[in-house]
Protein chains: 2
Amino acid sequence: MILHGYWRSGAAYRVRIALNLKRLDYIQSAHDLRSGAQRDAAFLALNPQGLVPALEIGDGTTITQSPAILEWLEERYPDPRLLPDGAEARATVRAMAALIGCDIHPLNNLRVLNALRADFGADSAAVLRWTAQWIAQGFAALETLIARHGEGFAFGTTPTLVDCYLVPQVYSAERFSVDLTPYPHLVAACERARALPAFEAAHPSRQPDAD
Amino acid sequence: MILHGYWRSGAAYRVRIALNLKRLDYIQSAHDLRSGAQRDAAFLALNPQGLVPALEIGDGTTITQSPAILEWLEERYPDPRLLPDGAEARATVRAMAALIGCDIHPLNNLRVLNALRADFGADSAAVLRWTAQWIAQGFAALETLIARHGEGFAFGTTPTLVDCYLVPQVYSAERFSVDLTPYPHLVAACERARALPAFEAAHPSRQPDAD
């Protein structure tokens with residue numbers, strides 16, 4: 001498998017974690033989002049959106065969008081499982097993941113912050129306030145959910161899809177200097193997960209294209 | 001089941017479509033997002049995020065986040081199926097849904113547009129330009145994918161999760177006066193889907209709390 005990504009993309013980071021947890025081999029193909037490399041013709045042929053991540057799985061098939069890639073990995077490589085038993089438990093895990101994937105991350109990625117600068121003349125301080133407000137709103141709710149459902153990890157006693165989303169989002173929050181002290185359960189779950197080798201190896205600084 | 005929603009919420013609209021396609025009975029509980037009714041204490045106890053939709057399914061269990069609700073409905077009520085056979089086909093459907101759910105909708109919902117006005121003094125024209133750019137970027141890629149995978153509907157020959165996301169997003173695009181002529185496959189798929197009774201009954205204007 002070939003993972004098209006970028007070292008600091010939070011969505012690619014999620015997929016690296018899942019691939020590592022499932023002990024799958026993959027080659028990385030890096031696209032520097034800062035120079036717009038993800039919009040070259042060869043990559044657009046694989047992914048018409050021109051975004052990372054995208055996972056080539058052989059036979060000319062490419063899967064895009066990290067939520068879809070993670071569900072596909074779970075279906076094809078169910079060991080270890082990242083979704084729990086029980087439809088309602090799975091719904092809770094997917095909801096906690098979507099809280100990050102739909103309500104925090106999309107507002108704070110590079111193309112959106114670039115648009116805030118271009119469209120509204122946002123300076124660095126304004127961009128930081130923008131990112132911080134969405135992280136704080138989302139993390140406040142997620143703190144409640146982790147306190148309710150976490151038992152060492154963000155949901156239950158083993159890593160789940162939630163951790164694949166949480167660890168990259170905390171990495172981003174730290175880059176944006178967000179105060180995490182109001183979220184002790186969230187921070188504890190994140191610390192627990194990111195100490196695991198699968199998470200460590202997925203860290204942006206450990207990727208071949210890192211600055 | 002009790003669906004907590006708001007007539008013009010695109011994410012609640014997705015869930016109404018799926019409930020109708022699966023011929024499930026539900027009661028609606030409306031929260032007027034314009035007045036902040038979704039942040040009252042009773043609703044926060046059900047959903048710490050204070051967002052719609054949320055689906056009460058009995059026994060004190062509430063499922064939040066439309067992607068999680070839709071997957072839960074698919075698991076519990078698989079007839080008719082909204083995900084196709086084959087892991088790769090399911091990944092394509094989920095990716096097309098996530099393109100809307102992660103890369104278009106989150107940038108254009110009411111709380112974000114309110115923040116653009118509050119944080120950057122965006123006027124109505126600037127807000128329209130902001131929404132239009134994300135819809136146009138996403139729809140351009142989705143047009144390619146629907147041309148590739150659609151056969152009457154956005155993916156294949158029957159309604160899928162993609163249609164649950166597409167029809168509400170087109171409704172939103174029309175409200176924001178986005179020119180849809182560059183996306184003929186997308187528009188044709190949307191027209192086909194929204195002519196079905198399940199989609200018609202889910203339309204915002206048909207909901208009890210509509211203006």
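This is a short tour of a predicted two-chain model, stop by stop.

**Stop 1: both chains**

Show chains A and B together and look for the symmetry. Two copies of a chain are related by a rotation about an axis and a shift along it. Here, a turn of 180° lays chain A on chain B, with a shift of 0.0 Å along the axis and an RMSD of 0.0 Å. The two copies are therefore related as by a two-fold rotation axis. The two chains use the same surface: 100% of the contact residues of chain A recur in chain B.

Which residue of chain A comes closest to the rotation axis? Select A:Cys102. Its C-alpha lies 2.5 Å from the axis.

**Stop 2: the two domains of chain A**

Hide chain B. Colour residues 2–79 of chain A as domain 1 and residues 87–198 as domain 2. Taken over C-alpha atoms, the centres of these two domains of chain A are 20 Å apart.

Now display the boundary between them. On the domain 1 side of chain A, 17 residues are in contact, and they meet 16 residues of domain 2. The size of an interface is often given as the accessible area lost when the parts come together. For domain 1 and domain 2 of chain A, that area is about 1400 Å². Carbon and sulfur atoms carry 67% of it.

Which residues of domain 1 of chain A lose the most area to domain 2? Select A:Arg8, A:Tyr13 and A:Arg14. Together these three account for 37% of what the domain 1 side buries.

**Stop 3: the sheet in chain A**

Switch to cartoon and find the four strands. They form an open sheet in the order β2-β1-β3-β4 (chain A), and the pairing is mixed. Select 27–30 for β2 and 61–64 for β4 of chain A. Both stand at the edges with a single partner strand each, so one side of each has no neighbour in the sheet. From one strand to the next, the twist averages 25°.

Move to β1 of chain A, residues 2–5. Four bridges join β1(A) to β2(A), and the two strands run parallel. To see one bridge pair, select A:Gly5 in β1(A). Its bridge partner in β2(A) is A:Ala30.

**Stop 4: helices on the sheet of chain A**

Add helix α1 of chain A, residues 10–21. Helix α1 packs on the sheet and touches β1 and β2 of chain A. Its direction makes about 155° with that of β1(A).

Then add helix α3 of chain A, residues 66–76. This helix lies across β3 (54–58) and β4 of chain A. Its angle to β4(A) is about 120°.

**Stop 5: over to chain B**

Hide chain A and bring back chain B. Its four-strand open sheet has the order β2-β1-β3-β4 (chain B), again with mixed pairing. Trace the crossover: β1(B), helix α1 (residues 10–21) of chain B and β2(B) make a right-handed β-α-β unit. α1(B) lies across β1 and β2 of chain B, at about 155° to β1(B).

Next, look at both sides of β1(B). Is the pairing of β1(B) with β2(B) parallel or antiparallel? Parallel, over four bridges. One of the partner pairs is B:Gly5 with B:Ala30 in β2(B). With β3 (residues 54–58) of chain B, β1(B) pairs in the antiparallel sense over three bridges. Select B:His4 to find its bridge partner in β3(B), B:Ala54.

**Stop 6: backbone oddities**

Most residues other than glycine have a negative phi, and most peptide bonds are trans. Three places depart from this pattern.

- **A:Val52 to A:Pro53.** This peptide bond is cis, with omega near 5°. A:Pro53 sits in the loop between α2 (41–46) and β3 of chain A.
- **B:Asp79 to B:Pro80.** Here too the peptide bond is cis, with omega near -5°. B:Pro80 is in the loop between α3 (66–76) and α4 (87–103) of chain B.
- **B:Arg23.** This residue is not a glycine, yet its phi is positive, at about 55°. Look for B:Arg23 in the loop between α1 and β2 of chain B.

Notes
Residues numbered from 1 in each chain as written. Chains lettered and ligands numbered in written order. Predicted model: local features only at pLDDT ≥ 70, side-chain atom pairs only at ≥ 80, totals over all residues. Heavy atoms only, no water. Least-squares fit on C-alpha atoms with pLDDT ≥ 70 in both. Contact = heavy atoms within 4.5 Å. Pairing = 2+ DSSP bridges. Axes fitted to C-alpha atoms, helices over the stretch in contact; angles between N-to-C directions. Right-handed = clockwise from strand over helix to strand, strands pointing away. Domains from an automatic or database assignment. Buried area = accessible area lost by both parts, 1.4 Å probe.
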